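Q: I would like to learn how to read a protein model step by step. Where should a reader begin?

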Amino acid sequence: LNIDLRGFSRLTRKIGPQKTVSLLNGFFSIMGAIVFKNNGIVDKYLGDGFLAIFGAPLSSISDADNAVAAALEMKNALQRLNQHFVKELVAKVDIGISLHTGEVVVGNIGFDMKMDYTVIGDPVNAVFRLQELTKVYPNGILITESTRRASRLQLEVREIGVPEDVDPILKDLQLFELVGQKKAS
C-alpha cells in the first residue's frame, strides 16, 4: 500500500515549515495507526507519504483483505483529519492510495552502518507507478487485478482504462478504482 499527499509542495509554501511538520506528523500518526491496526507495517516514509506492507514477515490469506481494509479506513479518516487540519493549521489535504499484491523480497538490506528492514521487487515498483495514476482520482484508491483477486472481501470496483503512455510496469495490469466494500445482503 502506498499513500501520498496531493499538492504537498503548494501546501507547504502556504502553511510554512513548522505547520508542515505538525501536519505530516498528524497525518502519519493517524494513517500509520490504521496500517498497524490492520496487521500491516509502515515500511518507509517517502517525504509526504509512505509505503506499507502486509504479510511480512509472515504472509497469510488475509493480507490483501487487511490492505484493502486499511485503505478504505484511511479514506474514511480523511474527513475527520481534515476537520482538525482546517481548525489547527488552516489547511486541508488530499490523498492518493495505491494497492498492489505480489511476491517480494523482504529483509534487512543495507550495510553494517545503516540497515533497513524493507521490501524490494517488481510489485513495489508497480505500486509506486500506480500511485502516479491516483492524481486523476481525488482521494481515490487504485488497485490492481491481483489485489482484487487476492481479497476475499466483496469489493465494489470500477475498472479504469490504462493510459497509452503508462509506465511499462503497469502496461499488462488490469486496474480498478476501489469504490468501497459491498454491503452484505
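The dialogue below goes from the whole chain to single residues.

A: Begin with the origin of the coordinates: this is a predicted model. Then go from the overall fold to individual positions.

Q: How many helices and strands does the chain have, and how do the elements run from the N terminus on?

A: Count the elements, then read their order. The chain holds four helices and nine strands. Their order from the N terminus is β-α-β-β-α-β-β-β-α-β-α-β-β. The chain is as compact as a globular protein of its length, because its radius of gyration of 17 Å is close to the 16 Å that the globule rule gives for 185 residues. The C-alpha trace spans about 50 × 40 × 35 Å along its principal axes.

Q: What share of the residues counts as buried?

A: Burial is read from relative accessible area, and under 20% means buried. In this chain 46% of the 185 residues count as buried. The accessible surface comes to about 10300 Å², and carbon and sulfur atoms make up 52% of that surface.

Q: What share of the contacts comes from residues 24 or more positions apart?

A: Here one looks at how far apart in sequence the contacting residues are. Among contacts with a separation of 6 or more, 63% are between residues 24 or more positions apart.

Q: How many positive and negative side chains are there, and how far apart do the centres of the two sets lie?

A: Count each sign, then compare the centres. There are 21 positive and 21 negative side chains, and the centres of the two sets are 9 Å apart.

Q: How do I read a single residue, for example T118: in which strand does it lie, and is it buried or exposed?

A: Take the element, then the accessibility, then the neighbours. T118 is part of strand β6, residues 114-120. The relative accessibility of T118 is 9%, so this residue counts as buried. Its side chain makes a polar contact of 3.0 Å with the side chain of D43. Setting aside neighbours within four places in sequence, T118 is in contact with D43, K44, V105, V106, G107 and I109.

Q: What does the side chain of D65 reach?

A: A side chain can pair with a backbone atom as well as with another side chain. D65 sits in helix α2, residues 63-89. With a relative accessible area of 7%, D65 is buried. Its side chain reaches the backbone nitrogen of R152 at 2.6 Å. Beyond four places in sequence, the contacts of D65 are A150, S151, R152 and L153.

Q: Which side chain is joined to that of R6 by a polar contact?

A: R6 belongs to strand β1, residues 2-6. A polar contact of 2.3 Å links its side chain to that of Q131. Not counting neighbours within four places in sequence, R6 touches D94, I95, G96, Q131, T134 and K135.

Q: How far apart in space are E132 and D167, and L46 and T101?

A: Read the sequence separation beside the C-alpha distance. E132, in helix α3 (residues 122-133), is 35 residues from D167 in sequence, and their C-alpha atoms are 9.6 Å apart. E132 is partly exposed, at 46% relative accessibility. L46 and T101 are 55 residues apart in sequence and 20 Å apart in space, C-alpha to C-alpha. L46 lies in the loop between β2 (40-45) and β3, and at 33% relative accessibility L46 counts as partly exposed. Leaving out residues up to four places away in sequence, L46 touches N2, L51 and F128.

Q: Which residues does a cis peptide bond join?

A: The omega angle shows this. A56 and P57 are joined by a cis peptide bond, with omega about 10°. P57 is in the loop between β3 (49-54) and α2.

Q: Where are V90 and N139 found, and is each buried or exposed?

A: Look at the backbone angle phi together with the place and the burial. V90 has phi near 55°, a positive value in a residue other than glycine. V90 is in the loop between α2 and β4 (94-99), and its relative accessible area of 55% makes V90 exposed. N139 also has a positive phi, near 55°. N139 is in the loop between α3 and β7 (141-144), and with a relative accessible area of 18% N139 is buried.

Conventions. Residues numbered from 1 in each chain as written. Predicted model: local features only at pLDDT ≥ 70, side-chain atom pairs only at ≥ 80, totals over all residues. Heavy atoms only, no water. Helix = DSSP H or I, 4+ residues; strand = E, 2+ residues; numbered from the N terminus. Rg over C-alpha atoms; globule rule 2.2 N^0.38 Å. Buried < 20%, exposed > 50% of the residue type's maximum accessible area, 1.4 Å probe, protein only. Contact = heavy atoms within 4.5 Å. Areas by Shrake-Rupley, 256 points an atom, 1.4 Å probe, with all protein chains shown as cover. Lys, Arg positive; Asp, Glu negative; His and termini not counted. Charge placed at Lys NZ, Arg CZ, Asp CG, Glu CD. Polar contact = N/O pair within 3.5 Å; in protein donor to acceptor, adjacent residues only side chain to side chain.
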